[in-house]
Amino acid sequence: MRRKPRIPPSPLPQREGIDPVRLRLPPEGDWATVREHLAERLSGAGAGVVDHMFSAGLVVGADGRAVAADAVFEPGMFVWFHRELPAEVPVPFPLEVVHRDEHIVVVDKPHFLATIPRGSHVTETALARLRRELDLPALGAAHRLDRLTAGLLLFTVRPEERGAYQSLFGERGVRKVYEAVAPFDASLALPRTVRSRILKERGVLAAREIDGEPNAVTRVELAEHRPLPDGLGLLGRYRLLPATGQTHQLRVHMNTLGVPILGDPLYPVVTGPVPAGDFRRPLQLLARELEFTDPVTGVEHRFRSGRELGAWASYDRWSAGQ
């Protein structure tokens, strides 16, 4: 049995709450130098980027020293560097800490803030913000919420404990309650449990339901309903209890029931991209409650979001984008 290589600690500090990129050179290859390999591996970064990284001493080895552009390619060698951070429009809503102890941090995330760095959302993410604001560079996410979904998120303070908390979510050890605002349909019999097989393909914005063994289960309950201010319909406030955690599961299941969540840019129809900085009419989906037994301390935790969904609090203001 081949032993995994020991990963040296990063010789570079975080930047804006973002870890440096760590690359391990492949065990074999015909590259003469480290630079040749990185130029091929990072070909999408643009002309001259890799050369600049080497000339500026931005690529370092495990000893923290800059790797020369003509350094010989060594199979299995680790190198680190920081990617250029993209320009981002700040998400102008607070990230509220609900609970903090020596093991976990629970926050109430606003709409439009991604959970972890990915794609064009890097420093404007819940993880990067918390690392900076709480001075906890080792903080990690135990689970994720969609960027457009607001509500409760659990982070771990100690890397060695992260797996225990992540397993809670993977093994359905967390009771999660979501709240959504969507049209009310009197003919829709609720409560009910929706079961389907959801497929989310890489590069495709919307997930879809396909034939096969269900991998997504959601209990849908109606909390209350009332007329819209214009008298042209009825609005419902729903409790959603997912038993599984497929990508976009709640949004897909509500759309399948014929009551798509208000403000959803993907279901039932994929709309055009929203310009950066447009924070109007957020998706009306909120992770309202988290309940679990702490796998490290044994404490029974129950957290509740204090946020309101705008379309329920004031439909006119929400629909006007205020």
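The following dialogue works through selected features of a predicted model of one protein chain.

Q: What does the secondary structure of the chain come to, and what does its C-alpha trace span along the principal axes?

A: A survey of this kind begins with the elements and the extent. The secondary structure comes to 7 helices and 13 strands. The C-alpha trace spans about 70 × 45 × 40 Å along its principal axes.

Q: How should one read burial and accessible surface for the chain, and what percentage of residues count as buried?

A: A residue counts as buried when its relative accessible area is under 20%. In this chain of 322 residues, 45% count as buried. The accessible surface comes to about 17300 Å², and 49% of that area belongs to carbon and sulfur atoms.

Q: What percentage of the contacts between residues at least 6 apart in sequence join residues at least 24 apart?

A: The figure for this chain is 63%, taken among contacts between residues at least 6 apart in sequence.

Q: How many positive and negative side chains are there, and how far apart do the centres of the two sets lie?

A: The chain carries 42 positive and 40 negative side chains. The centres of these two sets lie 2 Å apart.

Q: Which residues have the most contacts inside the largest nonpolar core, and which elements each supply at least two of its residues?

A: A nonpolar core is a set of buried residues of certain types joined through side-chain atoms within 4.5 Å. Here the largest such core has 37 residues, and those with the most contacts inside it are Val105, Leu139, Phe155, Tyr238, Leu240, Met254 and Leu285. At least two residues of this core come from each of strand 4 (104–109), helix 3 (126–134), strand 6 (150–156), strand 7 (175–183), strand 11 (234–242), helix 5 (249–256) and strand 12 (285–293). Helix 3 gives the most, with 4 residues. There is also a second, separate core of 16 residues, which includes Val21, Leu25, Val50 and Phe81.

Q: Which residues of helix 4 are buried, and where do they fall when seen down the axis of the helix?

A: The directions considered run from the helix axis to the C-beta atoms. In helix 4, which covers residues 162–170, Tyr165, Leu168 and Phe169 are buried. Viewed down the axis, the buried residues of helix 4 fall within an arc of 95°, so they line one face of the helix. Their packing partners are strand 4, strand 6, strand 7 and strand 12. Just after helix 4, Arg172 takes a positive phi of about 60°.

Q: Which other residues have a positive phi without being glycine, and are they buried or partly exposed?

A: Each case is read from its angle, its place and its accessibility. His248 has a phi near 65° and is found in the loop between strand 11 and helix 5. With 11% relative accessibility, His248 counts as buried. Arg281 has a positive phi of about 45° and belongs to the loop between helix 5 and strand 12. At 35% relative accessibility, Arg281 counts as partly exposed.

Q: Which peptide bonds to proline are cis, and where are these prolines found?

A: The angle to inspect is omega. The bond from Leu190 to Pro191 is cis, with omega near 5°, and Pro191 is found in the loop between strand 7 and strand 8 (192–199). The bond from Tyr267 to Pro268 is cis as well, with omega near 10°. Pro268 is found in the loop between helix 5 and strand 12.

Q: Is Thr123 buried or exposed, and with which residues is it in contact?

A: Location and accessibility are read together with contacts. Thr123 is in the loop between strand 4 and helix 3. With a relative accessible area of 14%, Thr123 is buried. Apart from neighbours within four places in sequence, Thr123 is in contact with Glu16, Ile18, Leu85, Glu88, Ala128, Arg129 and Arg132.

Q: How should sequence separation be set beside distance in space for Glu74 and Pro27, and for Asp211 and Ala287?

A: Both separations are stated for each pair. Glu74 and Pro27 are 47 residues apart in sequence, and 8.3 Å apart C-alpha to C-alpha. Glu74 is in the loop between helix 2 (49–55) and strand 2 (78–81) and is partly exposed, with a relative accessible area of 46%. Asp211 and Ala287 are 76 residues apart along the chain, and their C-alpha atoms are separated by 28 Å. Asp211 is in the loop between strand 9 (208–210) and strand 10 (216–227). With a relative accessible area of 77%, Asp211 is exposed.

Note on methods: Residues numbered from 1 in each chain as written. Predicted model: local features only at pLDDT ≥ 70, side-chain atom pairs only at ≥ 80, totals over all residues. Heavy atoms only, no water. Buried < 20%, exposed > 50% of the residue type's maximum accessible area, 1.4 Å probe, protein only. Contact = heavy atoms within 4.5 Å. Areas by Shrake-Rupley, 256 points an atom, 1.4 Å probe, with all protein chains shown as cover. Lys, Arg positive; Asp, Glu negative; His and termini not counted. Charge placed at Lys NZ, Arg CZ, Asp CG, Glu CD.
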